[in-house]
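Open the model in a viewer that can select by chain and residue number. The stops below go through sheets first and chain contacts after.

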4 protein chains.
Amino acid sequence: MASHHPIMSKDELTGFLDREFPQIHEGGQTFFVDEIGPLRARMRMDYHDRHLRPGGTISGPSMMTLADLALYAAILAHIGPVALAVTTSLNFNFLRKPEPRALIADCRLLKLGKRLAVGEVSIFSEGSPDVVCHATGTYSIPNRR
Amino acid sequence: MASHHPIMSKDELTGFLDREFPQIHEGGQTFFVDEIGPLRARMRMDYHDRHLRPGGTISGPSMMTLADLALYAAILAHIGPVALAVTTSLNFNFLRKPEPRALIADCRLLKLGKRLAVGEVSIFSEGSPDVVCHATGTYSIPNRR
Amino acid sequence: MASHHPIMSKDELTGFLDREFPQIHEGGQTFFVDEIGPLRARMRMDYHDRHLRPGGTISGPSMMTLADLALYAAILAHIGPVALAVTTSLNFNFLRKPEPRALIADCRLLKLGKRLAVGEVSIFSEGSPDVVCHATGTYSIPNRR
Amino acid sequence: MASHHPIMSKDELTGFLDREFPQIHEGGQTFFVDEIGPLRARMRMDYHDRHLRPGGTISGPSMMTLADLALYAAILAHIGPVALAVTTSLNFNFLRKPEPRALIADCRLLKLGKRLAVGEVSIFSEGSPDVVCHATGTYSIPNRR
C-alpha cells in the first residue's frame with residue numbers, strides 16, 4: 001500500500017498540522033516539523049514556561065505530546081493529509097530529566113501497513129546525544145477508497 | 001514499607017498538587033482530586049477548548065496528562081508529599097473517542113514497593129461505563145531516610 | 001459488532017485451543033480454560049520444571065505466554081473459532097516473583113471492536129490476592145464476511 | 001555507574017547463561033549470544049517445531065523470550081554476572097509474521113543507571129531487513145556493595 005517514500009513535503013505537513021491542530025500552538029508556537037525522510041520524521045519542540053515542572057525540567061506530558069505528534073506527522077507524510085490515522089496505543093520510557101532546552105524527536109516508522117502503522121520515537125535535548133524519552137506507538141489507518 | 005492506606009487526605013493532596021504544579025491549571029482550573037482510598041485515587045478533568053481536537057473529541061495528550069496525574073496522586077497519597085516519585089514508564093491504549101464531557105480517571109495501585117510503584121488507570125467519560133483510555137505506569141520512588 | 005456475551009463454551013474453547021495449539025502442552029498439559037463470562041476469561045497454568053527460574057520462581061516468558069493465551073481465549077470466546085485474531089501489541093509489568101504454584105490469569109476485554117480488540121490481564125499465584133504480573137494487549141481482527 | 005563498555009565477553013556471557021538458565025535450551029540448543037558491544041548485544045534464536053504456530057510462523061512467546069533474554073544479556077554484559085537484574089516491564093509490538101527461519105535480536109541499551117536499565121530490541125528474520133517484532137524493556141538493578 002503506502003509507499004516507503006514521503007508524499008508530503010515538510011511545508012505541506014507544517015501547513016496541514018497548523019490548520020488542523022491550532023491548539024498545539026496555543027500560548028506560543030511550539031512544535032515544528034524539522035525534516036521528513038523515507039519512513040522518518042523529525043520534529044522540534046520549543047518550550048515555554050507552561051511546559052516546565054518543578055526543578056526546571058520539561059514535563060512528561062509535553063514529551064508525550066511531542067512523541068505522538070512526531071509519529072502522526074511521519075505517518076501522514078507517507079499516506080497523505082486526507083486519511084486520518086488514529087492513535088491506538090502509546091508506550092513511553094522516561095530515561096532522564098530533560099533540561100530546559102528545545103527537544104528533538106526522531107521518529108522512525110517500523111511498519112506502514114494497510115490498517116496499522118507502528119513507529120518508534122527517540123527524544124533528545126537539543127545538542128545532547130542522550131535519549132531523554134523513548135516512545136513506541138501504533139495507529140489505526142482508516143479504509144481508503 | 002508504605003502502608004496500603006492513604007496518609008494524605010483529598011484536601012491535603014489537592015493543596016499539594018496546586019502548589020507544586022500550578023501549570024496544570026493554566027488557562028483555567030482543570031484537574032481535581034475526587035476521592036482517595038486504599039491503593040486508589042479518582043481524579044476528574046474538566047475540559048476547555050484547548051483540550052479538544054477536530055471532531056470535538058478530547059485530545060490524547062489531555063488523557064495522558066490526566067492518567068499520569070492520577071497515578072502520581074495515588075502514589076503521593078500513600079507515601080506522603082515529601083518523597084518525589086518520578087514517572088519511569090507509561091503505557092496507553094486508546095479505546096474510544098471521548099466526547100466533549102468531563103473525564104474521570106480511576107487509578108488502582110498494583111504495587112507499592114520500596115523502590116517502585118506500579119498502577120493502572122481507567123478513564124471514562126462522566127456518566128458512561130465505557131473505558132475510553134486505559135493506562136499503566138511505573139514510578140521510581142527515591143530513597144527515604 | 002461482536003456481542004458482549006461469549007458464543008463459545010469453556011469446553012468448545014478448550015477443544016479449539018488443544019487442536020490448534022498442541023505445542024502449548026508440549027512436555028505436559030499446562031494451560032487450562034477455567035471460566036468464560038461476558039467480556040471475560042480465566043485461565044490456569046500448571047507449572048513444570050521447565051517453567052522455573054533460579055530461586056524457584058516461575059519464569060517471565062511463562063507468564064507472558066499465559067497472558068497472551070488468556071487474551072486470545074477471551075477474544076475467541078466472543079467472536080468464534082473461525083476468525084483468527086492476531087496479537088499486535090502486549091505490555092507487561094512484572095510486580096512480584098511468583099512462587100512455584102499454579103498461576104491464574106483473569107482477563108477482561110476493554111474493547112471488542114470490528115477491527116481491534118483490547119484487554120487486560122491480571123495474573124495471580126493460586127490462593128493469593130496479589131497480582132504478580134499485569135498485562136494489556138491489542139489484537140487485530142481480520143475482516144469477516 | 002556502570003561503564004558503557006561491556007565487561008563480559010561473548011564467551012563468558014554464553015557460559016553464564018547456559019549455567020544459570022539451562023531451561024532455555026530444553027528440547028535443543030536454541031539461544032546464542034552472537035555479539036556484544038558498547039551498550040549493545042545481539043542474540044540469535046534457532047527454532048524447533050515447538051516454536052511454531054499454525055501457518056508455520058514462529059510464536060509470539062518465542063519472540064518475547066528472545067527479546068527478554070537479549071535485554072538481560074546486554075545488561076549483564078555491562079554490569080557483570082553477579083548482580084541479578086530483574087525484568088520490571090516489557091512492551092512488544094508484533095509487526096510481521098516471522099517465517100520459519102532463525103531470528104536475530106538486536107538490543108540497544110538506552111539507559112544504564114544505578115537502579116534502572118532500559119533498552120530496546122529489534123527482532124529480524126535472518127537475512128531480512130524488516131523488523132518482525134520490536135520490544136522495549138526496563139530492568140531493576142539491585143543494590144551492589
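Two strands pair if DSSP finds at least two bridges between them. Helices (H or I, at least four residues) and strands (E, at least two) are DSSP runs, numbered from the N terminus. The model is predicted, so local features need pLDDT of at least 70 and side-chain atom pairs count only at pLDDT 80 or more, while totals for chains, interfaces and linings use all residues. Residues are numbered from 1 along each chain as its sequence is written, chains are lettered from A and ligands numbered from 1 in the order in which they are written, and side-chain values use heavy atoms, with hydrogens and water left out.

**Stop 1: a strand pair in chain B**

Select residues 40–45 and 103–112 of chain B. These are strands β2 and β4, which run antiparallel and are joined by six bridges. Within the pair, B:Arg44 has B:Ile104 of β4(B) as its bridge partner.

**Stop 2: the sheet of chains A and B**

Now show the strands of chains A and B together. They make an open sheet of 12 strands with antiparallel pairing, in the order β1(A)-β2(A)-β6(A)-β7(A)-β8(A)-β5(A)-β3(B)-β6(B)-β5(B)-β4(B)-β2(B)-β1(B). Which strands are at the edges, pairing on one side only? They are β1 (31–37) of chain A and β1 (31–37) of chain B. On average, neighbouring strands of this sheet are turned by 20° against each other, direction ignored. Axes here are lines fitted to C-alpha atoms, for helices over the stretch in contact, and angles run from 0 to 180 degrees between N-to-C directions.

Add helix α2 (residues 60–79) of chain A. This helix packs on the sheet, and its direction makes about 45° with that of β6(A). The strands touched by α2(A) include β5 of chain A and β3 of chain B. Contact means heavy atoms within 4.5 Å. Then add α2(B), which also packs on the sheet, at about 45° to β4(B). Among the strands that α2(B) touches are β5 of chain A and β3 of chain B.

**Stop 3: where chain A meets chain B**

Select residues 86–94 in chains A and B. Strand β5 of chain A and β3(B) run antiparallel here, with five bridges between them. One place to centre the view is A:Ser89, whose bridge partner in β3(B) is B:Asn93.

Widen the selection to the whole interface: 24 residues of chain B are in contact with 24 residues of chain A. The two chains bury about 2,000 Å² between them, 58% of it on carbon and sulfur atoms. Buried area is the accessible area (1.4 Å probe) that two parts lose on being put together, summed over both. In chain B, the residues that lose the most area to chain A are B:Gln23, B:Met64 and B:Phe94, together 23% of what that side buries. On this side, α2 (60–79) and β3 (86–94) of chain B each supply at least two residues, and β3(B) gives the most, with nine residues.

How many salt bridges are counted between chain B and chain A? The count is zero, where a salt bridge is a side-chain nitrogen of Lys or Arg within 4 Å of a carboxyl oxygen of Asp or Glu. Four residue pairs are in polar contact across this interface, both residues at pLDDT 80 or more. A polar contact is a pair of N or O atoms within 3.5 Å; within protein, one must be able to donate a hydrogen and the other to accept it, and residues adjacent in sequence count only if both atoms are side-chain atoms.

**Stop 4: where chain C meets chain B**

Hide chain A and show chain C with chain B. The contact takes 14 residues from each of chain C and chain B. About 1,300 Å² is buried between them, 53% of it on carbon and sulfur atoms. Select C:Asn93, C:Leu95 and C:Leu110: in chain C these lose the most area to chain B, together 37% of what that side buries. Zero salt bridges are counted between chain C and chain B, and six residue pairs are in polar contact, both at pLDDT 80 or more. Strand β6(C) supplies the largest share of the side of chain C that touches chain B, four residues.

**Stop 5: the sheet of chains C and D**

Finally, show the strands of chains C and D. Here 12 strands form an open sheet with antiparallel pairing, and its edge strands are β1 (31–37) of chain C and β1 (31–37) of chain D. Strands β2 (residues 40–45) and β4 (residues 103–112) of chain C run antiparallel, joined by six bridges, and C:Arg40 stands opposite C:Arg108 in β4(C). Helix α1 (residues 10–20) of chain C packs on the sheet, touching β1 and β2 of chain C, at about 145° to β1(C). In chain D, helix α1 (residues 10–20) lies across β1 and β2 (40–45), running at about 145° to β1(D).
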